[in-house]
Amino acid sequence: MKLIKVILSSISQVVLINNLYTGLFILLGLFAVNWKVAISAIIASVLTWILAPHMNYTKDEIESGLAGFNPVLTAIALTLFLDSNWSGILITFVATILTLPIGAALREVLKPHKIAFLTSPFVIMTWITLLIPNQLKTLHTQIDIIPEHIEKVSLNNDHIRVHFFQSVLDVFGQIFLMPSIICGLLILIGIFIGSKKAGIVSIIANIIGFLIIILLGGDYSSINDGIFGYYVVLSAIALGVTFETAIPSYLARIL
């Protein structure tokens, strides 16, 4: 049972909520779209359960998912971005493990300043790992981490329609790099199960972000894919629900 708790909590903590049913619904959403991604999230959580006790993580951090959510994100990202051959699987496996000590180190550096490391271990490890395909013949990625040419975004939206419902739900899927209406809906249900307040805040922030980017003339294709909104949702949950702020929570949500 402890292993199941670690798996589901590690997944649910990606949306800043510690709830087993939230983790379960998110996992179901991942399975509905890409079973490889779902399996990678489970494996990352199991690795956390096995290795985190030896990497300066407390029992509470492990069981609450605070140790595991960054490895989960690293495993998901590299499963999507790297080739699914033996070298891609091996590098994903190693990078997922290395996310743990990076997170522990960042936690200690930021602790005196009372700053949470959030997803910085995942970001650092993923970007470093995506440099590797440029050095190996057996591994490739479609991500141009060092592009030779800067591609301009086409803002010609004359023949593209904004799909509000799709955009709002894809935002939730984009938190796990999986833009999908089904995945987004299951994740949203999971958030509401874990915290009604977080669910309401995330929807309001999502809609406000959607309206703002429309008014600013954003690329409709990217809007429909939820690319502009997922950090807005996470920021709203973090500032309005999860963390204590020096300013009133309602003002923090607006900011």
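# Helix α5, aromatic pairs and a nonpolar patch

Helix α5 is largely enclosed by the rest of the structure, because 10 of its 13 residues are buried. This is a predicted model. The points below cover that helix, the aromatic pairs, one placement of an arginine over a ring, and a nonpolar patch on the surface.

**Helix α5**

- The buried residues of α5 are F69, N70, P71, V72, L73, T74, A75, I76, A77 and L78.
- From its first C-alpha to its last, α5 reaches 18 Å with 13 residues, close to the 18 Å expected at 1.5 Å a residue.

**Aromatic pairs**

- The count of aromatic pairs comes to 3.
- One of them joins F69 and F117, which are stacked, with 6.3 Å centre to centre and 10° between the planes.
- This pair links distant parts of the chain: F69 belongs to helix α5 (residues 69-81), F117 to the loop between α6 and α7 (120-129), and the two are 48 residues apart.
- Both F69 and F117 are buried.
- Another pair is made by F164 and F210, with ring centres 5.0 Å apart and planes at 80°; an angle over 60 degrees counts as edge-to-face, so this pair is edge-to-face.
- The F164 and F210 pair also links distant parts of the chain, with F164 in helix α8 (residues 164-174) and F210 in helix α10 (residues 196-215), 46 residues apart.
- F164 has a relative accessible area of 41% and is therefore partly exposed, a value between the limits of 20% and 50%.
- F210 is buried, because its relative accessible area is 11%, and buried means under 20%.

**Arginine over a ring**

- R107 lies over the face of Y57, at 5.1 Å from the ring centre.

**Nonpolar surface patch**

- A nonpolar patch on the surface is formed by F31, W35, I39, I43, W86, L90, F93, V94 and L98, which together have about 890 Å² of accessible area.
- At least two residues of the patch come from each of α3 (35-51) and α6 (86-110).
- The helix that gives the most to the patch is α6, with 5 residues.
- V94, one of the patch residues, is placed in helix α6.
- The relative accessible area of V94 is 38%, so V94 is partly exposed; residues in a patch need over 30%.

Methods. Residues numbered from 1 in each chain as written. Predicted model: local features only at pLDDT ≥ 70, side-chain atom pairs only at ≥ 80, totals over all residues. Heavy atoms only, no water. Patch = residues over 30% accessible without salt bridge, like charges linked within 9 Å, V, L, I, M, F, W, Y side chains within 5 Å. Areas by Shrake-Rupley, 256 points an atom, 1.4 Å probe, with all protein chains shown as cover. Salt bridge = Lys/Arg side-chain N within 4 Å of Asp/Glu carboxyl O. Helix = DSSP H or I, 4+ residues; strand = E, 2+ residues; numbered from the N terminus. Buried < 20%, exposed > 50% of the residue type's maximum accessible area, 1.4 Å probe, protein only. Phe/Tyr/Trp six-rings, centres within 6.5 Å; stacked < 30°, edge-to-face > 60°. Lys NZ or Arg CZ within 6 Å of the ring centre and 35° of its normal. Expected span 1.5 Å × (residues − 1).
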